Amino acid sequence: MKKIIYLLILLLVVVSGVVFANRKIKNETIKNTNSKPLTMAERKAALKKWEATPDGIMYKKWEASDAGQKVHASAIKISKPIKDYTNMEATVTSLSLPAGSRLGFGIMAKINGEDYILAFGTEKSDYTVLNFNNSFDQLKTLKVNDKIIIRSHSVSQAPKYSYPIISVDYVEQNNKTIYKRAPRNDGDGC
């Protein structure tokens, strides 16, 4: 009986050591992968290299096309409130995204007479034992022609879409917050 107990204790010590060592290796790997941000020259060089790829060439052609120019002009119209992270009044125009979209949950809205895709990301459930909410539940109650106030840190463009894409951080309706993007897990807070 004593041999079995000693064997179990020895096995527990060995397994604990392996788990601890594995955890330490993972932590060191994560620390080593965090590199410093690219310099402006490095970014420009990477962009030039990408522009020479088939995807880069296609993007440049789209950017120069009428459709690309229209999307770019719409993005420019909201650049100041995006940069300043200020309120923008929007009117919901569609409760779904264009066919074939791969942006996660989103809606279409008009801001200052221009159409935009409001993207909220992939739908993750916040349902837990103590929390019965889903971060998109209140957004799903919106109707076409509803007026909302949004804030965002970014607007993007893609040849696949005929509208600029606003990654929404905050939505308010009738002076009540109905959506606020959860902080990222990497500690950035945005």
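**Salt bridges and a nonpolar patch**

Me: Is aspartate 169 buried or exposed?
Reply: In this predicted model, aspartate 169 has a relative accessible area of 10%. The cut-off for buried is under 20%, so aspartate 169 counts as buried.

Me: Which residue forms a salt bridge with arginine 181?
Reply: Look for the closest N and O atoms, which are 3.0 Å apart; a salt bridge needs them within 4 Å. This pair links distant parts of the chain: arginine 181 follows strand S6 (176-180), while its partner sits twelve residues away in strand S5 (residues 165-173). That partner is aspartate 169.

Me: How does arginine 181 count in terms of exposure?
Reply: Its relative accessible area is 26%. Buried is under 20% and exposed is over 50%, with one class in between. Arginine 181 is therefore partly exposed.

Me: Which residues are joined into one network by salt bridges that share partners?
Reply: One of the links is the salt bridge between lysine 60 and glutamate 51, at 3.7 Å from N to O. Bridges with shared partners make a network of Glu51, Lys60 and Glu63.

Me: In which helix do aspartate 84 and lysine 80 both lie?
Reply: These two form a salt bridge, with their closest N and O atoms 2.7 Å apart. They are four residues apart, about one turn of the helix. Their helix, covering residues 79-84, is H5.

Me: What is the area of the nonpolar surface patch that includes Met1?
Reply: Methionine 1 comes before helix H1 (2-33), and it counts as exposed because its relative accessibility is 75%. Its partners in the patch include Ile4, Ile5 and Leu8. The patch has an area of about 820 Å².

How values were computed:
Residues numbered from 1 in each chain as written. Predicted model: local features only at pLDDT ≥ 70, side-chain atom pairs only at ≥ 80, totals over all residues. Heavy atoms only, no water. Patch = residues over 30% accessible without salt bridge, like charges linked within 9 Å, V, L, I, M, F, W, Y side chains within 5 Å. Areas by Shrake-Rupley, 256 points an atom, 1.4 Å probe, with all protein chains shown as cover. Salt bridge = Lys/Arg side-chain N within 4 Å of Asp/Glu carboxyl O. Helix = DSSP H or I, 4+ residues; strand = E, 2+ residues; numbered from the N terminus. Buried < 20%, exposed > 50% of the residue type's maximum accessible area, 1.4 Å probe, protein only.
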